[in-house]
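Open the model in your viewer and keep the sequence panel visible. The tour below goes from one selection to the next and says what is found at each stop.

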Amino acid sequence: MLIDEILQAPVADTRLYSAFLIRATPYAQPVASALGSSLGRVRLDRSPLLAARLLEALRILGGGSQRALAERLTDPSLPFAVQEAAFRALGHVGGTSAPAFWPQVFARHSPRAQAGGGSQRLLGHAVYAIAMERDLPHLRRIAADPALPGPVRAAARWWLSLPSHMLASAEH
């Protein structure tokens, strides 16, 4: 029932609360593994909503192995809904990204590399994920990069302006 609600409930809060209920049980890790395996078998071009719902659940339940899957799904060749769900998942799923991951993401999703207008939104999610990793040097680079959109730089500056005790209190 809860897994069905995670994937099918029309209300986002219902999906979220169902994932939190599973996370509070000993089944959290096996469910995360099953969801990650399912996501690996989804035809992303045909089922972007299902992929996005699986990623949404992994934001709450996932660990390091699911993080690697979410990182792969930030590829610009994938449907935007899948990319956005992957970026949003990276702000909360367990583990941390390799140091080379975020510079590659910013290179692939920079406004100059992307023809569409969604790159700024995706980069905003990336800034949030970097802040959740508490990667202050990377946030400083983003804030100072004139090639990035102003709102992306402003978001990085906002995170950097927080007192250290507030930033440290942010949870994955």
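A residue is called buried if its relative accessible area is under 20%, exposed if over 50%, and partly exposed in between (1.4 Å probe, protein chains only). Residues are numbered from 1 along each chain as its sequence is written, and side-chain values use heavy atoms, with hydrogens and water left out. The model is predicted: local features need pLDDT of at least 70, side-chain atom pairs count only at pLDDT 80 or more, and totals for chains, interfaces and linings use all residues.

**Stop 1: Tyr 128 and its partners**

Select Tyr 128. With a relative accessibility of 29%, Tyr 128 counts as partly exposed. Now add Trp 159, which is buried at 12%. Rings of Phe, Tyr and Trp (its six-membered ring) pair if their centres lie within 6.5 Å; planes under 30 degrees apart count as stacked, over 60 as edge-to-face and the rest as tilted. A search of the whole structure finds three aromatic pairs. In one of them, the ring centres of Tyr 128 and Trp 159 are 5.8 Å apart and the planes are at 65°, so the pair is edge-to-face. This pair links distant parts of the chain, 31 residues apart: Tyr 128 is in helix H8 (residues 119-132) and Trp 159 in helix H10 (residues 150-161). Helices here are DSSP runs (H or I, at least four residues), numbered from the N terminus. Add Trp 158 to the selection to complete an aromatic cluster with Tyr 128 and Trp 159.

**Stop 2: H8 against H9**

Stay with H8 and bring in H9, which spans residues 136-144. Two packed helices are described by the angle between their axes and the distance between the axes. The axes are lines fitted to C-alpha atoms, for helices over the stretch in contact, and angles run from 0 to 180 degrees between N-to-C directions. For H8 and H9 the axes come within 8 Å and cross at roughly 150°. Angles under 35 degrees count as roughly parallel, over 145 as roughly antiparallel, 65 to 115 as roughly perpendicular and the rest as oblique. H8 and H9 are therefore roughly antiparallel. Their crossing is left-handed, a term used if the near helix is turned anticlockwise from the far one by less than a right angle, with right-handed for clockwise.

Which residues of H8 and H9 meet? From H8 come Val 127, Ile 130 and Ala 131, and from H9 His 138, Leu 139 and Ile 142. By class, this contact has five nonpolar, one polar and no charged residues. Ala, Val, Leu, Ile, Met, Phe, Trp, Tyr, Cys and Pro count as nonpolar, Asp, Glu, Lys and Arg as charged, and the others, Gly among them, as polar.

**Stop 3: two residues of H9**

Select Ile 142, which is buried at 3% relative accessibility. Contact means heavy atoms within 4.5 Å. Beyond its neighbours within four places in sequence, Ile 142 is in contact with Phe 106, Val 127, Ile 130, Leu 148, Val 152, Arg 153 and Ala 156. The C-alpha atoms of Ile 142 and Arg 153 are 5.8 Å apart, although eleven residues separate the two along the chain.

Move to His 138, also in H9. His 138 is buried, with a relative accessible area of 5%. Not counting residues up to four places away in sequence, His 138 touches Trp 102, Pro 103, Phe 106 and Ile 130.

**Stop 4: the loop before H9**

Arg 134 is in the loop between H8 and H9 and is partly exposed at 31%. Most residues other than glycine have a negative phi. Arg 134 has a positive phi, near 60°.

**Stop 5: H6 and H7**

Select helix H6 (residues 80-90) and helix H7 (residues 101-109), whose axes come within 14 Å and cross at roughly 150°. Gln 83, Phe 87 and Leu 90 in H6 meet Phe 101, Trp 102, Val 105 and His 109 in H7. This contact has five nonpolar, two polar and no charged residues.

Is H6 enclosed or open? Eight of its eleven residues are buried, so H6 is largely enclosed by the rest of the structure. Its buried residues pack against helix H4 (48-61), helix H5 (64-72), H7 and H8.

Methods: Helices (H or I, at least four residues) and strands (E, at least two) are DSSP runs, numbered from the N terminus.
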